[in-house]
Amino acid sequence: MAIPPYGGTLVERVVTDDELADGVRSTAHPGISLTNDDLITLGNLAHGHYSPLAGFMTQSEYEGVIENARLPSGLAWTIPVLLHVAEADRDALKGQSRLALYDGRGRAVATVEVTEIFEIDPERHCAGTFGTTSPDHPGVQDLMKRPRFCVGGPIHVGATAFPALRHQHRPAQNRQLLEDTGKATFTAFSTRNICHLGHDYLHRLALEKTDVLGINVITGAQVKGNFLSDVVFDTYEYLILSRYPTGRVLLNNLRLPPIYAGPREAFLQAIVLQNLGFTQFIVGRDHAGIGSYYPKYGSQEIFSQLSGLEIEIMAIPEPRYCNVCREVTTEISCPHGGADVRLLNGRDVRRFLLEKRYNELESILGGEVQDILIRMFEERTSPATDEVEMVKSRPLLYD
Ligand SMILES: [Zn+2]
């Protein structure tokens, strides 16, 4: 039997384009234009990734989350989901029951039922979300730039507002894909990075212990210097075709704005992955962490502190390359440490690639990923000799 959605019901907040147009006409307020991050959040609310939420948080929902990591229903929830509006909009919305939302191209994508408008305290918000008010923390920096006023209420999102992106599955669709395999256990792995040997180690564990591995590539942040999501998908497609057992690996494009909330963000990911139908979730060391703000295994510990999830957490120590064993191990599977082991990370991948230190890449990526990545890199950085190549020539990294 399929795992239930978080909170019991899979929410969908989609209306026809005509219904959306009616909603937009029903308000005298001109509406607001959403940032890229807010659009991702809106899509997740609309399609059920954030079930049971049916819209942007009201004040009581918000207060429950930042004070106790709970919704008023008692269900654990760790990250505020807010619609910020400027002070002028707060005033202009008085007496209006709807607010229209537009994308960056001026297209109406949704309306919100204006249930209430409230003001947040940025310091309290940051302490309750990020566990810090340090102005150096990127989440704190983002929040401090946002207006303090928020509109809470249910949303109505147009059916054509969010065309599906490459490998992007909505929860209902992902659940169907998993059900169609006829299997019972589905492990979710989430990453923002290209597949290195440490990921490969975790993938093999998942494939040994459960029926299906879901590789959820988190996109939407477009962090400067990171690989383009298309590059990450290209390498995973290649791996799935060439190396993984047929029919046992599912690739999913998981849109999430950058949050930088460490353990609390890992908990949100678990909610989303349960809503997508996964039964297990691999949580590594410092999952969704940033700098040194969170304890080393805080993202694993939060799952024993907060209850309510039915997705099972597979807490696994960080895989690293052991020079003595000459393979990828963890601190519990081999006795070596210190100078004998080498951490595997995406930062080194990018550095070695850009500096053309290809032989060092192999010890992080393994032969197959290394080969395809170098091929893409050479293709995309060599000077174009004709128009076809110019079209083909895309950057590898976000700038
Ligand atoms: Zn060892």
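Start your tour by selecting A69, which sits in the loop between α3 (59-68) and β4. Keep in mind as you go that this is a predicted model. Look at the backbone here: the phi of A69 is near 55°, a positive value in a residue other than glycine. Is A69 buried or partly exposed? Count the neighbours: 18 other C-beta atoms lie within 10 Å, so A69 is partly exposed.

**A second positive phi**

Now jump to H167, in the loop between β8 and α7 (171-180). This residue too is not a glycine, yet its phi is positive, at about 65°. H167 counts as partly exposed because it has 18 C-beta neighbours inside 10 Å.

**A cis peptide**

Next, select S51 and P52 and zoom in on the bond that joins them. The peptide is cis, with omega of about 10°. P52 belongs to the loop between α2 and β3.

**Strand β8 and its partners**

Colour β8, residues 149-158. How many of the 10 residues of β8 are buried? Nine are, so the strand is largely enclosed by the rest of the structure. It is worth adding the partner strands to your selection and going through them in turn:

- β1 (residues 14-15) runs parallel to β8 and is joined to it by two bridges; look for V15 opposite G158.
- β3 (residues 55-56) is antiparallel to β8, with two bridges; here F56 faces G153.
- β4 (residues 84-85) also pairs with β8 in the antiparallel sense, over two bridges; V85 has F149 as its bridge partner.
- β6 meets β8 through three bridges, again antiparallel; T111 stands opposite H156, and V112 is bridged to I155.
- β7 (residues 116-119) is antiparallel to β8 over four bridges; select F118 and you will find C150 across from it.

In general, the strands of a sheet pair through backbone hydrogen bonds, either parallel or antiparallel, a handy thing to display at this stop.

**The β5-β6 hairpin**

From β6, step across to β5. Strand β5 (residues 98-102) and strand β6 (residues 108-113) are antiparallel and share five bridges. Together they make a hairpin with five residues between the strands. Click on G106 in the turn, where phi is positive, about 80°. Then find L99 in β5, which stands opposite V112 in β6.

**V112 and the nonpolar core**

Stay with V112 and show its surroundings. Leaving out residues up to four places away in sequence, V112 touches G55, F56, L83, R98, L99, L101, V151, G153 and I155. Among these are residues you have already visited, including L99, its opposite number in β5, and I155, its bridge partner in β8.

Which members of the largest nonpolar core touch the most other members? They are L42, V112 and V151, in a core of 102 residues. Helix α10 (residues 263-275) supplies the largest share of this core, seven residues. The core also draws at least three residues from each of domain 1 (14-158) and domain 2 (171-340). As a general point, nonpolar side chains in soluble globular proteins tend to be buried together.

**Where the two domains meet**

Give the two domains separate colours: the domain assignment of the chain places domain 1 at 14-158 and domain 2 at 171-340. Their centres, taken over C-alpha atoms, are 28 Å apart. At the contact, domain 1 contributes 21 residues and domain 2 contributes 20 residues.

Which elements should you highlight on the domain 1 side? Those giving two or more residues there are α2 (36-47), α5 (122-130) and α6 (138-145). The largest share, six residues, comes from α2. Colour this side of domain 1 by class and you will see seven nonpolar, 13 polar and one charged residues.

**Last stop: a three-stranded sheet**

Finish by selecting β14, β15 and β16. These three strands form an open antiparallel sheet in the order β15-β14-β16. Both β15 (327-329) and β16 (341-343) are edge strands with a single partner strand each, so one side of each is left without a neighbour in the sheet. From one strand to the next, the twist averages 40°. To look at one pairing in detail, show β14 (residues 320-322) and β16, which are antiparallel and joined by three bridges. Within that pair, R320 has L343 as its bridge partner.

Notes
Residues numbered from 1 in each chain as written. Predicted model: local features only at pLDDT ≥ 70, side-chain atom pairs only at ≥ 80, totals over all residues. Pairing = 2+ DSSP bridges. Axes fitted to C-alpha atoms, helices over the stretch in contact; angles between N-to-C directions. Core = buried A, V, L, I, M, F, W, Y, C linked by C-beta atoms within 7 Å. Buried ≥ 20, exposed ≤ 12 C-beta atoms within 10 Å, placed from the backbone. Domains from an automatic or database assignment. Contact = placed C-beta atoms within 7 Å. Nonpolar A, V, L, I, M, F, W, Y, C, P; charged D, E, K, R; others polar.
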